[in-house]
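Here is a friendly walk through one protein model, written for someone who would rather be at the bench. Please keep the sequence and the 3D view open as you read.

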Amino acid sequence: MHVLSFIIHSLITIIPAASAFSLPFKHTRDSSCVNSASNRACWTDGFDISTNYYEKVPDTGVVREYWFNVENTTAAPDGVEMPVQLINGSFPGPTIIADWGDTVVIHVTNSLQNNGTGLHFHGIRQNFTNQMDGVPSITQCPIAPGESYTYRWRAAWDGVFGGIIINGPATANYDIDLGHVFLNDWYHQTADQLVLEAATGGPPTAPNGLINGTNTWGDKGTFVSMIDDHNLEVIANDFVPIHPFNTTQLSIGMGQRYDVIVTAKELTSENFWLRAIPQEACSETDLTSKVKGIIRYDNSSTVDPTTSAYEYTDFCADEESFDLIPYLQVNASDTYAYGEKEEVEVQVTDNAMLWLMNKTSFDTQWEYPTLMQVADNNQTWLARQRVIHLPEANRWVYFVIHSPFAQDHPMHLHGHDFWVLDSGYGNFDLSMKCELTLVNAPRRDVLMLPASGYVVIAMKTVNPGAWLMHCHIAWHTSEGFAIQLLERESEIRLNDEVLNSTCKGWQNYAVEDDVVQHDSGV
Ligand code: CU
Ligand code: CU
């Protein structure tokens, strides 16, 4: 008997995202290479799981077009009514589905009553399309209420993130794509209220967590995720296909994504808990054991599962680096053209708390994004913009980030995968270079900076743009825990008309409504 297996894309996101059951599109294939349940490594003519996807992307000529209307209303995902932002009336919002090599076009209309917005496509590298990264005050002005913005980018690798599935080859076979399992912290306050609370009183405690946007009446950071009595075969981290490894539990940090294959059991009336357990070591949460979903094989069953959780260790760190070996081997260089150590500090003032990297708390101007300054060729960069200039192409860049505080931080870089050369507790200096993993180190775009510890990451200047590197905990970013890389400034491709019209719309709105900027808006 053929045992059915299914893939789920497990992630923590703060972007509204979808839970729809989705099946892959039909692909144009040559006869020798058919992507099917029994051969997921295959793709289309000349492209498969071994393709160096940093250098080569298929061009399908297919355009996938979506219209997103962002609006605010109230909803009660866990039974407690509160203000929420919806896309096309739903939470999570609609899923964007594309094949590797398709062009994705998303028209975003801001129908929020009194809020600017932008849509960041988390995990999409935006190769040579920096202006489509959707980061207000970096790559664009906020979209003013009543205005629209069109994002256009190439679906440049398989994988998924908050509401996007891009079909492509995989490192292990599976039968069915079940779409996403989204794990969220959920708060009974709005993001603005939370930022305020965080600024004055420390990190807010999440009263709840959500699976696929819903839960009954669970902080931040990391979940351990598992399905009772089921093995998890992990085949990708943050879109990077890895050599599969098996586990019963997966530690997922905020902003991280994993693709997981689960082998289904034979038809049974038994039901199983799917658990997302907030890690207490790195979070404050009220109801650790109550963020759950149910896996049923028999639809007629209505009873709750009686299964029990696998034993797990409560810790915040990422999965072991020896488990996260990329399928496509790319070695890092042992020399770097640019290397910097970023010291994390905290500053508490009378009524606010600030995070600093190298003595500076990040801030920008909503109405004058980095790309506008690039377009103006205005070289007067302010200290608080925290710009790191990387003018040369194809150079290796090293960052050491060190934090002395007893809290983990999920560090995210836009526009790139980075190589995780080392991470650990204590401190690190670039003079200790001999201890780094250079041969096929894990690659991803979010990693956990350990409490009282450090990470060493490397990247290559292959993608011109203004790219944010920040802590993925929203209020830490808001409180200045970010820097930006200005990579190959002279080669950044800009559509001045889009840039200017969005900023004009925003400036008009800001003047009319007396908008007061309270943070960087990123
Ligand atoms: Cu992102
Ligand atoms: Cu943080």
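A residue is called buried when its relative accessible area is under 20%, exposed when it is over 50%, and partly exposed in between, using a 1.4 Å probe and protein chains only. Glu340 is buried because its relative accessible area is 17%.

This is a predicted model, in which local features need pLDDT of at least 70 and side-chain atom pairs count only at pLDDT 80 or more, while totals for chains, interfaces and linings use all residues. Residues are numbered from 1 along each chain as its sequence is written, chains are lettered from A and ligands numbered from 1 in the order in which they are written, and side-chain values use heavy atoms, with hydrogens and water left out.

## Salt bridges

A salt bridge here is a side-chain nitrogen of Lys or Arg within 4 Å of a carboxyl oxygen of Asp or Glu. By this rule there are twelve salt bridges. Three of them are set out below.

| Pair | Closest N to O |
|---|---|
| Arg64 and Asp102 | 2.7 Å |
| Glu340 and Arg386 | 3.5 Å |
| Glu342 and Arg386 | 2.8 Å |

Helices (H or I, at least four residues) and strands (E, at least two) are DSSP runs, numbered from the N terminus. Arg64 lies in strand 4 (residues 63-75) and Asp102 in the loop between strand 6 (96-99) and strand 7 (103-111), so their salt bridge ties together parts that are 38 residues apart in sequence. Both Arg64 and Asp102 are buried.

Arg386 appears in two rows of the table, with Glu340 and with Glu342. Glu342 lies in strand 20 and Arg386 in the loop between helix 2 and strand 22, so this pair ties together parts that are 44 residues apart in sequence. Glu342 counts as buried because its relative accessibility is 0%. Arg386 is buried too, with a relative accessible area of 9%.

## The copper site

Which residues coordinate the copper ion (ligand 2)? The donors are His409 (ND1), Cys471 (SG) and His476 (ND1), at 2.0 to 2.1 Å. Donors are N, O and S atoms within 2.8 Å of the metal (3.2 Å for Na, K and Ca); water is not among the atoms, so sites may look incomplete. Along the sequence, the donor residues are spaced H-x61-C-x4-H. Cys471 and His476 are both buried.

## A buried proline

Pro464 sits in the loop between strand 28 (453-460) and strand 29 (465-471). At 2% relative accessibility, Pro464 counts as buried. Contact means heavy atoms within 4.5 Å. Beyond its neighbours within four places in sequence, Pro464 is in contact with Phe128, Asn130, Glu487, Arg488, Glu491 and Ile492. Pro464 and Ser490 are 26 residues apart in sequence, yet their C-alpha atoms are 8.3 Å apart in space.

## Nonpolar cores

A nonpolar core is a set of buried Ala, Val, Leu, Ile, Met, Phe, Trp, Tyr and Cys residues joined through side-chain atoms within 4.5 Å. The largest one has 43 residues, and those with the most contacts inside it are Ile106, Phe121, Tyr151, Trp153 and Leu421. Strands that each supply at least two residues of this core include strand 4, strand 7 and strand 28. Leaving out residues up to four places away in sequence, Ile106 touches Tyr66, Phe68, Ile96, Leu119, Phe121, Tyr149, Thr150, Tyr151 and Trp153. A second, separate core of 26 residues has Met357, Leu413, Met459 and Ile473 among its members.
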